[in-house]
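I opened the notebook to record how some helices pack. I also wanted to look up a pocket.

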Amino acid sequence: MINPQWLTTFKTLIETGHFTQTADILHMTQPGVSQHIKKLEQACGYQLITRYNKQFEITEQGLLVYQYAQQQTQQYQTLLHSLQIDSPYDGICRLACSGSFALSLYPQLLRLQQQHPKLHFHLEAAPNHKILDDIENNTIDMGIVTQEPVNNQLQATMIGQEPLCLVLPLRYKNSDINIDLLTTCGLINHPDALMPIS
């Protein structure tokens, strides 16, 4: 394992092109910078820079080590960024629900988006089975459905209850509502209506 301090010193040296500037940036002495470079070369087993007068040139092996040091710095920054706590008002939220619910939900989402400019919503109107499939396939973050999912890999929370209204022609006003009557009337074809009627 290469000492990360040596890598930082080497990377800074290559970027500044001067031992003195490197020492100033890293709050080191110039001999300390030279010592780090020497130890890094010994650890790698190759000469990383060619010195002449008060200047130097990077070798092919030195270029590879420099690129490695850049990658290490980038990975470190990525790690720090990923450790930051997610803001609840920053990013994209993808959700789906029934068309009728989407009509009432959409204005509320727009208001939230206006209050928090870094928050963006993607709202899709879809039947229950597609919503559940999309959650399983990770194409949406959450869905609002009218039946509790049978898949135990999904987490469901009840958020409310709403009465279901059945609208029939007036001539059925005093009739007994049963499956035969509904079959006679016909049914508006909707994917959610394909579930068995009990």
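I began with handedness: the crossing of helix 1 and helix 4 is left-handed. I noted that this is a predicted model.

**Helix 1 and helix 4**

I looked up where the two helices run. Helix 1 covers residues 4-16 and helix 4 covers residues 60-83. Next I checked their axes. They come within 9 Å and cross at roughly 110°. Angles of 65 to 115 degrees count as roughly perpendicular. Helix 1 and helix 4 are therefore roughly perpendicular to each other.

Which residues in helix 1 meet helix 4? I listed Leu7, Phe10, Lys11, Ile14 and Glu15. On the helix 4 side I found Gly62, Val65, Tyr66, Tyr68, Ala69, Gln70, Gln72 and Thr73. I then sorted the residues of this contact by class. I got 7 nonpolar, 4 polar and 2 charged.

**Helix 1 and helix 3**

I turned to helix 3, which spans residues 30-44. Helix 1 and helix 3 pack at an angle of about 115°. Their axes are 9 Å apart. I wrote down the verdict: helix 1 and helix 3 are therefore roughly perpendicular to each other. I looked up the handedness here too, and the crossing of helix 1 and helix 3 is left-handed.

What does helix 1 bring to this contact? I found Gln5, Trp6, Leu7, Thr9, Phe10 and Leu13. In helix 3 they meet Val33, His36, Ile37, Lys39, Leu40 and Ala43. By class, I recorded 8 nonpolar, 3 polar and 1 charged for the contact of helix 1 with helix 3.

I went back over my lists for helix 1. Leu7 and Phe10 appear in the contact with helix 4, and Leu7 and Phe10 appear in the contact with helix 3.

**The second largest pocket**

I looked up the volume of the second largest pocket and got about 230 Å³. How many residues line this pocket, and which are the closest to its centre? There are 13 lining residues, and the closest to the centre are Pro4, Leu7, Thr8, Gln72 and Thr73. I then asked which elements give two or more residues to the lining. They are helix 1 and helix 4. The largest share, 6 residues, comes from helix 1. I closed with the classes: the lining of the second largest pocket has 7 nonpolar, 4 polar and 2 charged residues.

Conventions
Residues are numbered from 1 along each chain as its sequence is written. This is a predicted model: local features need pLDDT of at least 70, side-chain atom pairs count only at pLDDT 80 or more; totals for chains, interfaces and linings use all residues. Side-chain values use heavy atoms; hydrogens and water are left out. Axes are lines fitted to C-alpha atoms, for helices over the stretch in contact, and angles run from 0 to 180 degrees between N-to-C directions. Helices (H or I, at least four residues) and strands (E, at least two) are DSSP runs, numbered from the N terminus. Angles under 35 degrees count as roughly parallel, over 145 as roughly antiparallel, 65 to 115 as roughly perpendicular and the rest as oblique. A crossing is left-handed if the near helix is turned anticlockwise from the far one by less than a right angle, and right-handed if clockwise. Contact means heavy atoms within 4.5 Å. Ala, Val, Leu, Ile, Met, Phe, Trp, Tyr, Cys and Pro count as nonpolar, Asp, Glu, Lys and Arg as charged, and the others, Gly among them, as polar. On a 1 Å grid over the protein atoms alone, a cavity is a set of points where a 1.4 Å probe fits but cannot get out, and a pocket is an open set with protein on both sides within 12 Å along at least five of seven lines; lining residues have an atom within 4 Å of a point. Grid points are joined across faces, edges and corners, and a volume is the space filled by probe spheres set on the points.
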